[in-house]
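Trainee: Could you take me through this structure, please? I am new to reading such models.

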Amino acid sequence: MTSVFDRTGSVRALAVLRMVLGAVTVVHLAPFLRDARNGIHYDDHFWEPYWSGIPKLPGEVWAVLLWVGVASAVLMACGILTRLTTSVTFLVVAGNLLVSQTHFRHNRTFLTILLFGLALLPTGRVLSVDAWWRRLRGRPALPDQALLWPLYLLRTQVSLVYLASGISKLVDPDWLGGIVLWDRVVRYQYHLEPTPLPDWGIDFLTWRPLYLLVAPAAIAIELFVGLGLWSARTRLAALWLGIVFHLSIEVSASVEVFSLAAIGALAIWVTPSTRDRVLRLPAGSPVAVVVRALDWFGRFRIEPEPGPGDAGFTVVDRDGSVLSGREAVGVVLTRLPLTFPFAAPVVAVGALRAPRTPVAAAVRTP
Amino acid sequence: MAVVVVQVGFALNGYREPHKFFAFQPFNESSTWSAEIVRVTWDDERIPVEERWGDGAYSWDTLVDMAALRHPERLRHAYMGVGATVDFLDDALDWVATHTPADHQTRYLEADVTYYENTRGPQHTTLRSVERERERGPA
């Protein structure tokens, strides 16, 4: 337990999450802000406090705090006074969630939890105006290493979210038997009718027996994501399924900012170390520019090939194994966030057909 | 460890409490509901809330301003779950009864709720707001 609290690692992936959540927070607060701009405060219509004894926040103060929250979220995304602005963003989003029971939504709670976790971490040390300003003043860059216990806290909490949701459906016979999902699809069938889906496709999607399979599969995916993210062996599969799961929720239900926040939150499962894989490319290769631009999590250290007789595109993995050709391309594409969703299934199928064959295992990365 | 205990506590509480606050149990139902909501006046008239009242100052949809409770006269998907919807409706009746000072007619509001829980039903329940104080002087 002590080692968990003492462990340090890179906060770079969390800095990417910080930028995503800045944008997500602005989108989340926008409808409230629209009301506030029209002079409508939360207490001008039906609202209900969580506890009857707590003092009531005046509507005018609530409106001002929304502006503070939006400004703070923008600054947080840019990495300006990052620790302070992340904390203020968290407080405003949490305050708006807790001001009335009518503001409660699971997705808003999820966003609040993520902001709380980020507020505990120095994510402004990298990918931030704070870091850039520090360099500009000639001061040495702060290391992107930090104590990781808030990251483990976030991982635990996010994992519990998937498990709580999956287990609640698993123990509900209506959910497990498919009634809930099937009835939803039938109820919102009118959304399908204007789409290019053929009639037989709509009939298939509203076919009751289909949900005897779909509902247990959806529950299994949710539980697998909640558990599979913890193991290095299953993490890539769980991440990919998580993305597919959230995209399918986005197209089938109204979940406000949940999909974007949840897909962004998958960044917390990135191994908290940077540049610990080496990508060797021919000198001047345009691939280096592309990889540098897409390597948001800092997975690769790009080096020129040591000699003319080398394979042309090689990756030295964390364990020291040297990969080339298709396998090297696979490793790169599955470690870049934008290419991961497309590359992961292709690489997985390729790996099943031909097990990994490292060129050599002589080079060990530091 | 405290975080785990608190989150598990909320998750377990979600099996008991209709709103499932912080329990992360989304999309838990595909229930539907509708309600006939009336204002019962001091003269025992029953006036549907679809009609504006208080000299046109009040409408149900504007007063509640909550997507889940708007247009209660139509059969609607209870996207928060039918338990949470009925509980909010109960609180909303009280809120409307106590936040409409220009209304000099209404004694209380009443909602006759019909709901189907995951296609099973119909089931009925009747909710009533707190009773408003009768104003003295000319109505």
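Mentor: We shall discuss chain A, its strands, and then its meeting with chain B. This is a predicted model, in which local features need pLDDT of at least 70 and side-chain atom pairs count only at pLDDT 80 or more, while totals for chains, interfaces and linings use all residues. Residues are numbered from 1 along each chain as its sequence is written, and chains are lettered from A and ligands numbered from 1 in the order in which they are written.

Trainee: How many helices and strands has chain A?

Mentor: Chain A has 17 helices and six strands; these are DSSP runs, helices being H or I of at least four residues and strands E of at least two, numbered from the N terminus.

Trainee: Which strand runs parallel to β3 of chain A?

Mentor: Strand β4(A) (residues 300–304) does, joined to β3(A) (residues 277–281) by five bridges; two strands pair if DSSP finds at least two bridges between them. In this pairing A:L281 lies opposite A:P304.

Trainee: And how does β3(A) pair with β5(A)?

Mentor: The sense is antiparallel, over three bridges, with β5(A) covering residues 314–316. Here A:V278 faces A:V316.

Trainee: Changing topic, how many residues of chain B are in contact with chain A?

Mentor: There are 27, meeting 24 residues of chain A, where contact requires C-beta atoms, placed from the backbone, within 7 Å.

Trainee: Which helix of chain B gives the largest share of that side?

Mentor: Helix α1(B) does, with four residues.

How values were computed:
Contact = placed C-beta atoms within 7 Å.
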